[in-house]
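Hello,

Here is the structure you are taking over. Please open it first, then read the notes below.

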Amino acid sequence: MNLVVAARHHDQHLRFEVDGRWGNGDALKLAYLVKAAIGRVRQDHVLIDLRRVLSPPGAQEPFLICDRLRRALAPTARVGLLAAPELIDPPLVAGDLPHCAEIALFAAEPEALRWLG
């Protein structure tokens, strides 16, 4: 994986800080890294900070993290993403895909933390 990921466990959620230039397959690897951490600490509220992730030169498609997280995580998972909207694939509106993890995109950390509750 081309990305550097730091994970911390807080009382209410898991936090992942991701840094680097994403490459092909990194979204899936990150999604399964998050899934493994959720399983270890039995915490299903996650904050993923992608503000320091850069797209590779000439990238035509976004970083497909929302799609990969929906496929990898259980429906009980709730994920707040901190990222530039143009970098990632758009999260779906809650209820669009039943039986999938709930994922929301935020510009600021306080909003994401409130949403994670």
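Start with Arg 78, which lies over the face of Trp 115, 4.0 Å from the ring centre. Keep in mind that this is a predicted model.

Trp 115 also has an aromatic partner. Phe 106 and Trp 115 make a tilted pair, with 5.5 Å centre to centre and 50° between the planes. Both Phe 106 and Trp 115 are buried. So the ring of Trp 115 has two things to look at: Arg 78 over its face and the pairing with Phe 106.

**Aromatic pairs**

How many aromatic pairs does a search of the whole structure find? The search finds two. Besides Phe 106 and Trp 115, there is Trp 22 with Phe 63. Their ring centres are 5.3 Å apart and their planes stand at 40°. That angle is neither under 30 degrees nor over 60, so the pair counts as tilted.

Look at where the two rings come from. Trp 22 is in the loop between strand 2 (14-21) and helix 1 (26-41). Phe 63 is in the loop between strand 3 (45-54) and helix 2 (65-72). The pair therefore ties together parts that are 41 residues apart in sequence.

Are these two rings buried or exposed? Trp 22 has a relative accessible area of 9%, which is under the 20% cut-off, so Trp 22 is buried. Phe 63 is at 2% and counts as buried too.

**Helix 1 and helix 2**

Next, the helix pair. The axes of helix 1 and helix 2 come within 8 Å and cross at roughly 40°. That makes helix 1 oblique to helix 2. The crossing is right-handed.

Which residues meet there? From helix 1 they are Ala 27, Leu 28, Leu 30, Ala 31, Tyr 32, Val 34 and Lys 35. From helix 2 they are Ile 65, Arg 68, Leu 69 and Ala 72.

Helix 2 is mostly covered, with six of its eight residues buried. The buried ones are Ile 65, Cys 66, Asp 67, Leu 69, Arg 70 and Ala 72. Ile 65, Leu 69 and Ala 72 appear both among these buried residues and among those that meet helix 1. What covers the buried residues of helix 2? The cover includes helix 1, strand 3, strand 4 (78-82) and strand 5 (102-106).

Leu 28 deserves its own check. Leu 28 sits in helix 1 and is one of the residues that meet helix 2. With a relative accessible area of 40%, Leu 28 is partly exposed. Its C-alpha atom is 8.1 Å from that of Leu 64, with the two positions 36 residues apart along the chain.

**Loops and the start of the chain**

Asn 24 is in the loop between strand 2 and helix 1. Asn 24 is exposed, at 79% relative accessible area. The C-alpha atoms of Asn 24 and Leu 64 are separated by 9.7 Å, and the two residues are 40 residues apart along the chain.

Arg 42 is in the loop between helix 1 and strand 3. What is the phi of Arg 42? Phi is near 55°, a positive value in a residue other than glycine. Arg 42 is exposed, with a relative accessible area of 76%.

Ala 107 is in the loop between strand 5 and helix 3 (109-116). Ala 107 is exposed as well, at 69%. From Ala 107 to Gly 23 is 23 Å, C-alpha to C-alpha, and the two are 84 residues apart in sequence.

Asn 2 belongs to the segment before strand 1 (4-9). Which residues does Asn 2 contact, leaving aside neighbours within four places in sequence? They are Arg 21, Trp 22, Gly 23 and Asp 26. One of these contacts, Trp 22, is the ring that pairs with Phe 63. Asn 2 and Phe 63 are 61 residues apart along the chain, and their C-alpha atoms are separated by 13 Å.

Best regards

Note on methods. Residues are numbered from 1 along each chain as its sequence is written. This is a predicted model: local features need pLDDT of at least 70, side-chain atom pairs count only at pLDDT 80 or more; totals for chains, interfaces and linings use all residues. Side-chain values use heavy atoms; hydrogens and water are left out. Rings of Phe, Tyr and Trp (its six-membered ring) pair if their centres lie within 6.5 Å; planes under 30 degrees apart count as stacked, over 60 as edge-to-face and the rest as tilted. Helices (H or I, at least four residues) and strands (E, at least two) are DSSP runs, numbered from the N terminus. Buried means under 20% relative accessible area, exposed over 50%, partly exposed in between (1.4 Å probe, protein chains only). A charge sits over a ring if NZ of Lys or CZ of Arg is within 6 Å of the ring centre and within 35 degrees of the ring normal. Axes are lines fitted to C-alpha atoms, for helices over the stretch in contact, and angles run from 0 to 180 degrees between N-to-C directions. Angles under 35 degrees count as roughly parallel, over 145 as roughly antiparallel, 65 to 115 as roughly perpendicular and the rest as oblique. A crossing is left-handed if the near helix is turned anticlockwise from the far one by less than a right angle, and right-handed if clockwise. Contact means heavy atoms within 4.5 Å.
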